[in-house]
Structures are given as C-alpha cells and as structure tokens.
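Welcome! Please work through these short exercises with the structure open beside you, and try each task before reading its solution.

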Amino acid sequence: RQSLYLFRKRNVRLPMMALFDQPDMMTSCAARGQTVHALQALNLINSDKMREFGYQLAQRVVREKSTEAGRLDRLFALTFNRPLTPAERKSTLSYLHSNSAFGENNAGVKSPNGIDQKTFRKWADLCLAVLNMNEFIYER
C-alpha cells in the first residue's frame, strides 16, 4: 500500500518495487506480467521495513493484552479478523515456549514495560511471520 504514495521519477527504478514487478514508466503497458519467486519472500521476511512492522505489531499486541492467550487472540483478530484454530494456537504457543529465538539477532529491539527482551523478540518474530503468511498477503 505504501507504494501508492511514493514519489517516482520516470527514469529511476526502485529496487524493492522492481522486485515486485514495477512497470516500466517510460513505455505504455497494455498488460502487466506477474511473477512469484523466492527473492520476493526473502525480501519480505528480511527487510528492515517489514521487521519494523513486526516490532510495531508486537508492541501493540503486548501493550493491549497481558496474557499469552489474550495476545494470540488479539494478534489473529488484528491480522486475519478471525480466531485462532486449535492447531495454530498449539504451534504458536510451542514456539513462544521454546528456548530458541529467531530474534536473537535483534539486539536493538526495546521491549515494552512488563515483558523481558527475549520474550518480546519472540513476539516480534511471531508477528513478522504472521505478516508474511499467505492469508495476510493475499486477499481471499
């Protein structure tokens, strides 16, 4: 959605937009091609902008709800507008209770009050994963 409000010059291609099939601004285009490839997914999961979105969503979820179950319910309500399935609840709780954290490399993340930094990193990574799920990216 943010790409709609970008200031664009005709002769300058933005790398991220080129990755997602930005049309050539110099010629007319009757029909746009669509590609799906691994670089798009890697960019969405590794980009600084998407990480920031994950942190912001995690901060909101942690700030609004005090229990794990409440946070999970709020996360899925905000992103998918539906409740979690039992399988989703089980897998997300399993991840949150595991000793490994993908977010170990996110040392600069400031955790909100009342939650330790390692737990918040897990929530931020969970939010990033949810933002990259097909159900969130593609409308039904």
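**Exercise 1.** Sort the residues that line the second largest pocket of this predicted model into nonpolar, polar and charged.

*Solution.* Begin with the names: the lining is made by Phe53, Gln56, Leu57, Arg60, Leu78, Thr79, Leu131 and Phe136. Next, sort them by type, which gives five nonpolar residues, two polar and one charged. The space they surround comes to about 170 Å³.

**Exercise 2.** Find which elements give two or more residues to the lining of this pocket, and which gives the most.

*Solution.* Two elements pass the test of two or more residues: helix H3 (48-64) and helix H4 (68-80). Of the elements, H3 gives the most, with four residues.

**Exercise 3.** Decide how H3 and H4 are oriented to each other.

*Solution.* Start with the axes, which come within 9 Å and cross at roughly 130 degrees. Now compare that angle with the classes: roughly perpendicular ends at 115 degrees and roughly antiparallel starts over 145. H3 and H4 are therefore oblique to each other. As a last step, look at the handedness: H3 passes H4 in a right-handed crossing.

**Exercise 4.** List the residues through which H3 and H4 touch, then sort them by type.

*Solution.* On the H3 side, the contact uses Leu57, Arg60, Val61, Val62 and Glu64. H4 brings Arg71, Arg74, Leu75, Leu78 and Thr79. Sorted by type, the residues of this contact are five nonpolar, one polar and four charged.

Technical notes. Residues are numbered from 1 along each chain as its sequence is written. This is a predicted model: local features need pLDDT of at least 70, side-chain atom pairs count only at pLDDT 80 or more; totals for chains, interfaces and linings use all residues. Side-chain values use heavy atoms; hydrogens and water are left out. On a 1 Å grid over the protein atoms alone, a cavity is a set of points where a 1.4 Å probe fits but cannot get out, and a pocket is an open set with protein on both sides within 12 Å along at least five of seven lines; lining residues have an atom within 4 Å of a point. Grid points are joined across faces, edges and corners, and a volume is the space filled by probe spheres set on the points. Ala, Val, Leu, Ile, Met, Phe, Trp, Tyr, Cys and Pro count as nonpolar, Asp, Glu, Lys and Arg as charged, and the others, Gly among them, as polar. Axes are lines fitted to C-alpha atoms, for helices over the stretch in contact, and angles run from 0 to 180 degrees between N-to-C directions. Angles under 35 degrees count as roughly parallel, over 145 as roughly antiparallel, 65 to 115 as roughly perpendicular and the rest as oblique. A crossing is left-handed if the near helix is turned anticlockwise from the far one by less than a right angle, and right-handed if clockwise. Contact means heavy atoms within 4.5 Å.
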